[in-house]
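Got your viewer open and a selection box ready? Here's a tour, stop by stop.

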Amino acid sequence: VFSGNGPSGICLSYLLSGYIPYFKRDSLHPHPILQRKLEEAPDVSILDQDLEYLSEGLEGRSHSPVALLFDTLQRPDTDFGGTAESVLTWWHESDRAIPHLVLGRNAPGGAWHSIEGSMVTLSRGEWMGLPDLPFKDWLKQKRRGLRNNRATAEDIAQYYQHYVVRKGLQKNFRSGTVVTSVRKVSAESISRHAQKDLQENRDSLWTFNERSTEVFQVDGFFKTVKGDKEPFSIYAENVVLATGTYDSPTWLGVKGENLSYVHHQLSALEEAVKNNSVGIMSDPVLIVGAGLTAADAILFAHHCNIPVIHVFRRRVTDPGLIFNQLPKMMYPEYHKVHQMMKEQSAACAGPYERYVSLPEHHVLSFGKDKKCIFQDKNGYQKAYKISMALVLTGSNPNLSFLPNNGIDLAMDSGQPVNPKRNPIDVDPFSYECTQEKGLYALGPLAGDNFVRFVQGGALAVASSLLKKANKNPP
């Protein structure tokens, strides 16, 4: 069972449906050592090779060796602007398929369906693609091109749905499902009645290995067309957590943050503009945060001529600020926001109307009268009257369905799971949780935050599950 049907879950479903990657004969990888290793066993699929050996010595923009391996096999020289073809060829070996279910709240594509459709991705369009169906090729069929090499969220959400249909994976997907609990139970404690049910109905795919003494019980509910909630319980030997991090926005934890004009998602601003509750003449909209979502909100407000006060804790020149890490040519709109942040502080008026930047400030409180109080690094306080507030300082995964919210699985088991600072502790070559055998974590939960790199985790999980199921060739 996988919990989560975003790109991680879709990619893993493809691999577990019997689609097996091999090194394409006569292809040449630009990394000579990797090329030599690939030539050593051309008839053995990548899934059946030693992933640690293959990935040794690879470098790139991810800390995961397997993520770098799968990425460079699919896009050999992409970081150098190259367009070399994948060195993989895919074979469908149906006898090696492993029965599985992918559970998700939305249609396949996960959180991509919750993002405003016209938003342009940070990553280059071709990096959003999944195995054996290049995103660019799909876009060409729609007679569309990439804007500045990047794609819209709507395109990506549609592509992921199309991928599931095109690759024949629909039978594995259950949309409209919410998982409420995942816990280990002894195999004996599952009543004979449940075992009988499993054997008789179409969920007979949950046949247990005779050796299993413990299995996972996955509980939840399925939302029907009428809006009813139908409960379900599934028993599985292995569970994959691929829920991403879009679920629960980070709160500042200050007084008044629960007032109705304080929001934690960009969609609230879009809604307010649609309803004409904010406009050119309204009090400024407060935007808190210095990441890309905050930048998207600023661009949106700027486009609609809505006044903005922008508050963030860091210095504008802080190297940790995402804007200081993005090439100007590829990201002109984010570069513009960064320029506004630098040139338009409250201290000195700049060229941009209806925007004020307050670097090295933080929010102290939100008042019922819509007055917001900030404090700067020297302890001086300022008050501004605002129309609405958007706190866009990141989001955390919602792991309330796991015992102790999954904290025991994290690298630091004293802190909540956080994709950047405290991911789930997994084996780097199988992505199995070090604290709980049979439980796997993929994507942001395991510290892989970009679509191009979540796929290596899926490769590692598939390789591990094939070994467990003994579906490896002799």
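One term before we click on anything: a residue is buried under 20% relative accessible area, exposed over 50%, and partly exposed in between. Also keep in mind that this is a predicted model.

**Stop 1: the whole chain**

Start with everything shown as a cartoon. The protein chain has eleven helices and 22 strands. Of its 474 residues, 52% are buried. Take the contacts between residues at least 6 apart in sequence: 68% of them join residues at least 24 apart. Switch on a surface and you're looking at about 22900 Å² of accessible area, 49% of which belongs to carbon and sulfur atoms.

**Stop 2: colour by confidence**

Now colour by pLDDT. The chain's mean is 85, and 85% of its residues reach 70 or more. Where is confidence lowest, and where is it highest? The low end is helix α7, residues 192-200, with a mean of 51, while β14 tops the range at 97. Select residues 199-207 as well: the pLDDT there is below 50, and the stretch has 14 contacts in the model beyond near neighbours in sequence.

**Stop 3: helix α6**

Next, select α6, residues 153-166. Its 14 residues reach 20 Å from first C-alpha to last, close to the 20 Å expected at 1.5 Å a residue. Show the side chains and pick out the buried ones: Ala153, Asp155, Ile156, Ala157, Tyr159, Tyr160, Tyr163 and Val164. After the helix comes Gly168, with a positive phi near 70°.

**Stop 4: the aromatic rings**

Stay on α6, but show the aromatic side chains across the model. There are nine aromatic pairs in the structure. Tyr159 and Tyr160 make one of them, a tilted pair at 5.4 Å centre to centre with 55° between the planes. Both of these tyrosines are buried. Tyr159 also pairs with Tyr163, again tilted, at 6.2 Å centre to centre and 55° between the planes. Why are Tyr159 and Tyr163 separated by about one helical turn? Because they sit four residues apart in helix α6. Tyr163 is buried, as is Tyr159.

Now widen the selection to Tyr14, Tyr19, Phe70, Trp90, Phe135, Tyr159, Tyr160 and Tyr163, which ring pairs link into a cluster.

**Stop 5: charges over rings**

Two lysines deserve a click. Select Lys37 and Tyr53: the lysine lies over the face of the ring, 4.7 Å from the ring centre. Then go to Phe221, where the charged end of Lys229 sits over the ring at 4.6 Å from its centre.

**Stop 6: helix α9**

Select residues 292-303, helix α9. What span should its twelve residues have, at 1.5 Å a residue? The expected value is 16 Å, and the end C-alpha atoms are 16 Å apart, so the two agree. Its buried residues are Leu292, Ala294, Ala295, Asp296, Ala297, Ile298 and Ala301. Step just past the helix to Asn305, which takes a positive phi of about 60°.

**Stop 7: more positive phi values**

Some background for the backbone angles here: most residues other than glycine have a negative phi.

Select Asn276, in the loop between α8 (267-274) and β14 (285-288). Its phi is positive, near 60°, and this is a residue other than glycine. Is Asn276 buried or exposed? With a relative accessible area of 66%, Asn276 is exposed, because the cut-off for that class is over 50%.

Then move to Glu360, in the loop between β16 (355-358) and β17 (361-366). Glu360 has a positive phi too, near 55°. Its relative accessibility is 25%, and since values between 20% and 50% fall in the middle class, Glu360 counts as partly exposed.

**Stop 8: Ala441**

Last selection: Ala441 in strand β22, residues 439-441. Ala441 has a relative accessible area of 0%, so it is buried. Which residues does Ala441 touch, not counting those up to four places away in sequence? Show Leu241, Ile424, Val426, Tyr431, Cys433 and Ala446 to see them. Finish with a distance label from Ala441 to Asp427: they are 14 residues apart in sequence and 9.7 Å apart in space, C-alpha to C-alpha.

Definitions and conventions. Residues numbered from 1 in each chain as written. Predicted model: local features only at pLDDT ≥ 70, side-chain atom pairs only at ≥ 80, totals over all residues. Heavy atoms only, no water. Helix = DSSP H or I, 4+ residues; strand = E, 2+ residues; numbered from the N terminus. Buried < 20%, exposed > 50% of the residue type's maximum accessible area, 1.4 Å probe, protein only. Phe/Tyr/Trp six-rings, centres within 6.5 Å; stacked < 30°, edge-to-face > 60°. Lys NZ or Arg CZ within 6 Å of the ring centre and 35° of its normal. Contact = heavy atoms within 4.5 Å. Areas by Shrake-Rupley, 256 points an atom, 1.4 Å probe, with all protein chains shown as cover. pLDDT = per-residue confidence, 0-100. Expected span 1.5 Å × (residues − 1).
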